[in-house]
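Hello,

As promised, here is the structure we talked about handing over. Please open it alongside this message, and then read on for what turned up.

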Amino acid sequence: MKRIGVLTSGGDSPGMNAAIRAVVRAGAYYKVEIYGIYSGYQGLIDGEIESLNARSVSGIINRGGTILRTARCAAFYEPEGRERAAEQVRKFGIDGLVIIGGDGSYRGAQLLHEEHGVACLGLPGTIDNDIGGSDFTIGFDTAMNTAMEAIDRVRDTAASHDRIFFVEVMGRHSGYLSMIAGIAGGAEDILVPERPTDVQTVIQTLRDGGDKGKRSMIVVVAEGDDAGSAFDIAKKVNEQSEFKQTRVTVIGHLQRGGSPTAFDRVLASRMGVRAVEALVAGETNRMVGMKGIELVLLPFPIAWEQRSLFDPSLLEVARILAM
Ligand code: F6P
């Protein structure tokens, strides 16, 4: 393994830069050349690739986003796209790739290896924390804290005006970010895609809260909830109940930006070093995960086959504490 390419793919997440830095510097340490690939798989197809050295990644451990930029690349999911990518890999003399992204990015990597023999290692980079085989993904901790701070701010104004707020949290098809941010922010109810939402039950929860003396309440809504967006659910509650003073806050892409927490920086740093070590040791088609406090190397399909981290006991904690 003489030359490794590194790219970020899918939605960006805080800590991706720390992971890039770790890959580049571990490469320098193990005397492997590192090439940065810009704009995800699209940059691989287009040959937007350049050599990086230890100094190229100075001062980025604390920066959100990704200096390599990122993209969701439809072309890579076609055999012709992967053929063009493999040509670039050969042209630049790259022996292995580190792919920082979600499970969709690993599916593409697996095909690239099967069809063209390119060694691929994945690092879980997404705020959604929805990758099987890893308790945490790079960016989740930062996004969770951002969402929690947003909920705290909403609570200030909700309490001042005796209002009910529906706060929408990202996570795509996963409610994990919502559950954790909701518990941390003391939400009265948390609606997630993993559990069907019944608007009448939400209304009853709000009535119970009112009966217990609550004058303002916060309902966290995961963006993938089956009953619709936070706006949809607030509208239904307005129409079907006496609760007319509702407001909606969609935290949105604020959750994707910002300086990564110490947890995300350390997770990304450890994982980046491990990815380089694994490629140097001849591993391929593996993702680096974290189980407990240990890093593990797992076959790519674990990422999508064991993806749900849904834990009903977390919702139970939220319900018990909404007293
Ligand atoms: O996967 C990360 C994520 O932020 C999801 O939580 C969200 O559904 C999606 O990406 C948003 O994607 P985009 O940035 O393309 O709007």
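Let me begin with the largest nonpolar core of this predicted model. It has 32 residues, and those touching the most other members are Val98, Ile100, Leu123 and Met271. At least two residues of this core come from each of β1 (3–8), α1 (16–29), β4 (96–101), β5 (119–124), α9 (262–280) and β10 (286–291).

Leucine 123 is a good place to look around. Beyond its neighbours within four places in sequence, leucine 123 is in contact with a list of residues that includes Val98, Ile100 and Met271. Also among the contacts of leucine 123 are Ala19, Tyr106, Ile138, Ala275 and Val288.

Next, the helix pairs. There are three I would like to show you.

The axes of α6 (176–184) and α11 (312–321) come within 10 Å and cross at roughly 30°. An angle under 35 degrees counts as roughly parallel, so α6 and α11 are roughly parallel to each other. Their crossing is left-handed. On the α6 side the contact is made by Tyr176, Met179, Ile180 and Ile183, and on the α11 side by Leu314, Leu315, Val317 and Ala318. What classes do these residues fall into? Eight are nonpolar, with no polar and no charged residues in the contact of α6 with α11.

Helices α7 (residues 199–211) and α8 (residues 230–240) pack with their axes 10 Å apart, at an angle of about 70°. That angle makes α7 roughly perpendicular to α8. From α7, Val199, Gln200, Val202, Ile203, Leu206 and Arg207 make the contact, and they meet Lys236, Val237 and Gln240 of α8. The contact of α7 with α8 holds five nonpolar, two polar and two charged residues.

For α3 (79–91) and α4 (103–116), the axes come within 10 Å and cross at roughly 70°. These two helices are therefore roughly perpendicular to each other. Here α3 brings Arg82, Glu83, Ala85, Ala86 and Arg90, while α4 brings Gly108, Leu111, Leu112, Glu115 and His116. By class, the contact of α3 with α4 has four nonpolar, two polar and four charged residues.

Some loop residues are worth a visit too. Serine 174 sits in the loop between β6 (164–169) and α6, and aspartate 130 is found in the loop between β5 and α5 (140–161). Are they buried or exposed? Residues under 20% relative accessible area count as buried, so serine 174, at 10%, is buried, and aspartate 130, at 8%, is buried as well. Leaving aside neighbours within four places in sequence, serine 174 is in contact with Asp128, Asp130, Pro193 and Glu194. Aspartate 130, on the same basis, touches Thr137, Ser174, Ala303 and Arg307.

Finally, please look at isoleucine 61, placed in the loop between β3 (49–52) and α3. With 26% relative accessibility, isoleucine 61 counts as partly exposed. Its C-alpha atom is separated by 5.9 Å from that of asparagine 17, and the two residues are 44 residues apart along the chain. Leaving aside neighbours within four places in sequence, isoleucine 61 is in contact with Ala18, Arg21, Pro260, Arg265 and Ser269.

Enjoy exploring!

Best wishes

Definitions and conventions. Residues are numbered from 1 along each chain as its sequence is written. This is a predicted model: local features need pLDDT of at least 70, side-chain atom pairs count only at pLDDT 80 or more; totals for chains, interfaces and linings use all residues. Side-chain values use heavy atoms; hydrogens and water are left out. Helices (H or I, at least four residues) and strands (E, at least two) are DSSP runs, numbered from the N terminus. Buried means under 20% relative accessible area, exposed over 50%, partly exposed in between (1.4 Å probe, protein chains only). Contact means heavy atoms within 4.5 Å. A nonpolar core is a set of buried Ala, Val, Leu, Ile, Met, Phe, Trp, Tyr and Cys residues joined through side-chain atoms within 4.5 Å. Axes are lines fitted to C-alpha atoms, for helices over the stretch in contact, and angles run from 0 to 180 degrees between N-to-C directions. Angles under 35 degrees count as roughly parallel, over 145 as roughly antiparallel, 65 to 115 as roughly perpendicular and the rest as oblique. A crossing is left-handed if the near helix is turned anticlockwise from the far one by less than a right angle, and right-handed if clockwise. Ala, Val, Leu, Ile, Met, Phe, Trp, Tyr, Cys and Pro count as nonpolar, Asp, Glu, Lys and Arg as charged, and the others, Gly among them, as polar.
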